[in-house]
Amino acid sequence: MGKPTGFLEFTRELPKKRPVEERIHDFNEFVHLYEEERLNQQASRCMDCGIPFCHNGCPVGNLIPDFNDAVYRRNWKEAYEILSATNNFPEFTGRICPAPCESSCVLGINQPAITIEEIEKHIIEIAFQKGYVQPFKGIVRTGKKVAVVGSGPAGLAAAAQLNYAGHSVTVYERDDEPGGLLRYGIPDFKLEKWVVERRIKLLEEEGVIFKCNAEVGVNVNMNDLLRNNHAIVLAGGSTIPRDLKIPGRHLKGVAFAMDFLKLQNKKVSNKPIGEDFVATGKNVVVIGGGDTGSDCVGTSNRQGAISVTQFELLPKPPQDRNDYMPWPTYPMVLKTTSSHEEGVDRKWAVSTKEFIGDEDGNLKALKIVDLEWKLTEDGRPAQFVEVPGSEREIPCEVALLAMGFLHPQHQGLLIELGVDLDERGNVKANDKHYQTNIEKIFSAGDMRRGQSLVVWAINEGRQCAARVDEYLSGVFSK
Ligand code: FAD
């Protein structure tokens, strides 16, 4: 702790953003960096709290007070070394993490929490700028080969760690570029793709091999992979979206959020696309109130939608913590994202009953109804009934389904391999060994855990890699 009185002298301040009216005309990131003095002040707010609950809040266990102290002392190299000891990709989490660490910051009990996520982003960007981030070249090879299926944050973290342990790693990715949802899900305005490419290049320079347009179970033979590798890590993500099977689902204009977002990511990267699908000049309704829905809001506004409305089935959450979500738990309070700030009509406790089309099969309206929720004693929504007489139609030419993901794709890879699935349809591999029912096959990330967060995927990749390394070293087998 550099400055004992920092938290008394300075309050929480986030870096400035480009104004909404400017940023909705492009897909670039819009959060500026702090000036050095401001960064120093923000890091100095980290107090000597005794038990840093933020460690616990962070899924990768970042050593937050230690790097805040190094930042306060302007010792950038030390800050980078502390941060990279626990997180392979702070440039991703520093941009897009919902920062559970900040929810458990001790200062957050009665003051605004420390801006941990922003400080993390600054440490890694300064480290790149100053040339501290170099490919690690001192790897001693073990002669063991590992195939990683999927190149999202879980696959990348597993590949990085297994490579450092000396194993020869090949990552197979069915898309034309590595990155998983970092590349073809999360919009550029949250994470520009040069950030992903910069990291992939480093991993390649360290010896990780990437094979793209390579779908294991389709154009990459699973048996060859099993024969030619000592272990396999399945990190294929949770890719099957929840559908809304109501009348009119087939109409032109109703689409899954991911199809819409991926198209836009491709266009920003000047990649070829098939038939385009845009929100330009349309009344857009995003069905689903989570991160994916919010990304659809930001993308629709940038494409020039006439109106953007977002529906959530659940009732509006409270603004602040209540007795049932005390500090340091992650609070289920109202979240307003930067995409929401850009313009959206948010509606809670609304259900969509029908997609209504015109004579040419195009979506023209939604039939919706308000819901009344019964809450449990601790304020959680339990049961709903439709509000009589609230059924109505609203104009809508584009409806984007952003209601989450059910489980990984079973067809192809998983069925062919015969791996066991859990009751939710995810790959069954316990969090002690990350090993599936098949001895040399392991799994990590959303494919094992279910739909989650980038920081959890990184944690899963790291933990899984450690278990694979133990397995390859003979510490355990099936
Ligand atoms: P993925 O990132 O899904 O990567 C899996 C990869 O495996 C894919 O590239 C896929 O093509 C590949 N693959 C699958 N099967 C095969 C096969 N048979 N052969 C070869 N390759 C295969 N989290 C946050 O923390 N912050 C956010 O702001 C955020 N925003 C999000 C926005 C959207 C639109 C979505 C959909 C998710 C968001 N998330 C966010 C969640 C986060 O992106 C995921 O939790 C995370 O990417 C999961 O990582 P993963 O490596 O397990 O899987």
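## Exercises on strands, helices and domains in a predicted model

Strand 1 (residues 145-149) and strand 4 (residues 231-234) run in the parallel sense and are paired over four bridges. The model is a predicted one, and the exercises below start from this pair.

**Exercise 1.** Determine which residue of strand 4 stands opposite valine 149, and place the pair in its sheet by giving the strand order and the edge strands.

*Solution.* Step one is the register: leucine 234 in strand 4 is the residue that stands opposite valine 149. Step two widens the view to the sheet, an open one in which five strands follow the order 3-2-1-4-16 with parallel pairing. Step three takes the ends of that order, where strand 3 (209-211) and strand 16 (441-443) are the edge strands, each of them pairing on one side only. Step four adds the twist, which averages 20 degrees from one strand to the next.

**Exercise 2.** Describe how helix 10 (residues 153-164) and helix 12 (residues 193-206) pack, stating the angle, the distance between the axes and the handedness of the crossing.

*Solution.* Two quantities are needed at the outset, since a packed pair of helices is described by the angle between the axes and by the distance between them. For helix 10 and helix 12 the angle is about 25 degrees, and the axes are 10 Å apart. Angles under 35 degrees count as roughly parallel, and helix 10 and helix 12 are therefore roughly parallel to each other. The handedness comes next: helix 10 passes helix 12 in a left-handed crossing. On the side of helix 10 the contact is made by Leu156, Ala160, Asn163 and Tyr164, while helix 12 contributes Ile200, Leu203 and Glu206. Sorted by character, the residues of this contact comprise five nonpolar, one polar and one charged.

**Exercise 3.** Work out the order of the open sheet that contains strands 6 and 9, and explain why one side of each of these two strands is left without a neighbour in the sheet.

*Solution.* The order of this five-stranded open sheet is 6-14-7-8-9, and its pairing is parallel. Strand 6 (254-256) and strand 9 (345-348) stand at the edges with a single partner strand each, so each has one side without a neighbour in the sheet. Averaged with direction ignored, neighbouring strands of the sheet are turned by 20 degrees against each other. At one end of the order, strand 8 and strand 9 pair in the parallel sense over four bridges, and glutamine 310 stands opposite arginine 346 in strand 9. Helix 14 (residues 257-268) packs on the sheet, where it touches strand 6 and strand 14 (398-401), and its direction makes about 75 degrees with that of strand 6. Helix 15 (residues 291-303) lies across strand 7 (283-287), strand 8 and strand 14, running at about 175 degrees to strand 8.

**Exercise 4.** Locate the cis peptide bond that leads to proline 328, and the loop residue arginine 74 with its phi value.

*Solution.* The cis bond runs from tryptophan 327 to proline 328, with omega near 5 degrees, and proline 328 lies in the loop between strand 8 (307-312) and helix 16 (338-341). Arginine 74 has phi near 55 degrees, a positive value in a residue other than glycine, and its place is the loop between helix 5 (64-72) and helix 6 (76-84).

**Exercise 5.** State how the chain is divided into domains, and how many residues domain 1 and domain 3 each bring to their contact.

*Solution.* The domain assignment gives domain 1 (6-129), domain 2 (145-239 + 406-473) and domain 3 (243-403). The C-alpha centres of domain 1 and domain 3 lie 30 Å apart, and their contact takes 16 residues from domain 1 and 16 residues from domain 3.

Notes
Residues numbered from 1 in each chain as written. Predicted model: local features only at pLDDT ≥ 70, side-chain atom pairs only at ≥ 80, totals over all residues. Heavy atoms only, no water. Axes fitted to C-alpha atoms, helices over the stretch in contact; angles between N-to-C directions. Parallel < 35°, antiparallel > 145°, perpendicular 65-115°, else oblique. Left-handed = near helix turned anticlockwise from the far one by under 90°. Contact = heavy atoms within 4.5 Å. Nonpolar A, V, L, I, M, F, W, Y, C, P; charged D, E, K, R; others polar. Pairing = 2+ DSSP bridges. Domains from an automatic or database assignment.
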